[in-house]
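Got your viewer open and a hand on the mouse? Let's take a walk through this structure, one selection at a time.

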Amino acid sequence: MKKLISLSMVILTVVTISFYFKEHKEEINNKNLKLADARLSMAKIEKDIESRINYILEDINTKHKIPTIKELNDLVKSIEVVRAYGKDISEETKINLLKIVKKLTDNNFKDKKVLKDIEDIATTSQQLTA
């Protein structure tokens, strides 16, 4: 009888532990999925930033169309979002931002603040904190 009670206690303990680890595994998987989704979203934002910069440069160079202040402010905000997550924009993107600032400065763009914001982004690196 003692052996039967001991065996049932061991089985109960094993079952309890396995359920605990099963729940924990699902929690880890959910966190990994959320992290993967966040990385995918960040990659999409980075690609969107690059395409908007290329679009603005193309408009300035070929169509002689000056971007609106709102377009530029939205671009700055998008870059700030990427940097808030600890990533920085590529060197090529920074160079293209400086090209935008130069072209707009040459065209006497009205809003100097947004130009300064873009220039600051292009000339500073994201400082990662530990």
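Start by selecting R83, D88, E91 and K94: these four residues are linked in a network of salt bridges. Keep in mind as you look around that this is a predicted model. Why would side chains like these get together? Side chains of opposite charge can pair when their charged atoms come close.

How many salt bridges does the structure hold? There are 12 of them, so let's visit a few more, using a cut-off of 4 Å between a side-chain nitrogen of Lys or Arg and a carboxyl oxygen of Asp or Glu.

**Next stop: helix α2**

Select K70 and D74. Their side chains meet in a salt bridge, with 2.9 Å from N to O. Because K70 and D74 sit four residues apart in helix α2, about one helical turn separates them. Now turn on the surface. Is K70 buried or exposed? K70 has a relative accessible area of 57%, so it is exposed, given that the cut-off for exposed is over 50%. Its partner D74 comes in at 26%, which means it is partly exposed.

Stay in helix α2, which covers residues 69-84, and click on L75. Here the relative accessible area is 1%, so L75 is buried; buried means under 20%. Which residues does L75 touch, leaving aside those up to four places away in sequence? Light up I49, R52, I53, I56 and L97, and you have them.

Before you leave, try the distance tool from L75 to E91, one of the residues in the salt-bridge network you began with. The C-alpha atoms of L75 and E91 are 16 Å apart, and the two residues are 16 places apart along the chain.

**On to helix α3**

Select K102 and D106. Both lie in helix α3 (residues 91-106), four residues apart, or about one turn of the helix. Zoom in on the side chains and you'll find a salt bridge at 3.0 Å, N to O. Are K102 and D106 buried or exposed? Both are exposed.

**Last stop: helix α4**

Finish with K113 and D117 in helix α4, which runs over residues 112-123. These two are also four residues apart, about one turn of the helix, and their side chains meet in a salt bridge of 2.9 Å, N to O. Check the surface once again: K113 has a relative accessible area of 57%, so it is exposed, while D117, at 22%, counts as partly exposed.

Methods:
Residues are numbered from 1 along each chain as its sequence is written. This is a predicted model: local features need pLDDT of at least 70, side-chain atom pairs count only at pLDDT 80 or more; totals for chains, interfaces and linings use all residues. Side-chain values use heavy atoms; hydrogens and water are left out. Buried means under 20% relative accessible area, exposed over 50%, partly exposed in between (1.4 Å probe, protein chains only). Contact means heavy atoms within 4.5 Å.
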